[in-house]
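This report goes through one model, looking at a helix and its ends, at a pocket, and at the confidence of the prediction.

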Amino acid sequence: MTILPALQAELTAATDRLLATAASLSDADLAAPSLLPGWTRGHVLAHVAQNAGSCLNLLTWARTGVRTPPGISWYAGCARSAFTTWI
């Protein structure tokens with residue numbers, strides 16, 4: 001027995017909740033500060049969206065064996081996050 005169908009269903013439900021929440025946000029909501037210092041809710045939402053695309057590329061690479069890098073912006077974001085965390 002595999003847990004993959006249950007994980008896929010859970011991921012789909014979580015994605016649906018995130019998309020519904022994002023769609024309900026007004027421009028003012030997106031411009032409001034998030035819990036991350038210096039980040040608006042819009043920044044966080046854009047980061048999550050960009051990271052989702054990067055993860056999809058990596059999962060495609062793992063599934064097919066066809067090199068599908070996450071993208072330059074993903075690498076730059078990781079480097080920037082690591083740098084600012086250590087300062």
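A polar contact is taken here as a pair of N or O atoms within 3.5 Å, where, within protein, one must be able to donate a hydrogen and the other to accept it. In this predicted model, such a contact marks the N-terminal end of helix 3, which Thr40 caps with a side-chain oxygen lying 3.2 Å from the backbone nitrogen of Gly42. Helix 3 itself runs over residues 41–64, and its 24 residues reach 35 Å from the first C-alpha to the last, close to the 34 Å expected at 1.5 Å a residue. After helix 3 comes Gly65, whose phi is positive, near 80 degrees.

Helix 3 also takes part in the largest pocket, since helix 1 (4–24) and helix 3 each supply at least two residues of its lining. The space in this largest pocket comes to about 410 Å³. Its lining is made up of 14 residues, and those nearest the centre of the pocket are Leu11, Thr12, Thr15, Ala52 and Leu59. Helix 1 contributes eight residues, the largest share of that lining. By residue class, the lining of the largest pocket holds 11 nonpolar and three polar residues, with no charged residue.

Confidence should be read alongside these descriptions. The average pLDDT of the chain is 83, and 80% of the residues score at least 70. The two extremes within the chain are set out below.

| Element | Residues | Mean pLDDT |
|---|---|---|
| Helix 2, highest confidence | residues 27–31 | 96 |
| Helix 4, lowest confidence | residues 72–86 | 54 |

How values were computed:
Residues are numbered from 1 along each chain as its sequence is written. Side-chain values use heavy atoms; hydrogens and water are left out. Helices (H or I, at least four residues) and strands (E, at least two) are DSSP runs, numbered from the N terminus. The expected span of a helix is 1.5 Å times one less than its number of residues. On a 1 Å grid over the protein atoms alone, a cavity is a set of points where a 1.4 Å probe fits but cannot get out, and a pocket is an open set with protein on both sides within 12 Å along at least five of seven lines; lining residues have an atom within 4 Å of a point. Grid points are joined across faces, edges and corners, and a volume is the space filled by probe spheres set on the points. Ala, Val, Leu, Ile, Met, Phe, Trp, Tyr, Cys and Pro count as nonpolar, Asp, Glu, Lys and Arg as charged, and the others, Gly among them, as polar. pLDDT is the predictor's confidence in each residue, from 0 to 100.
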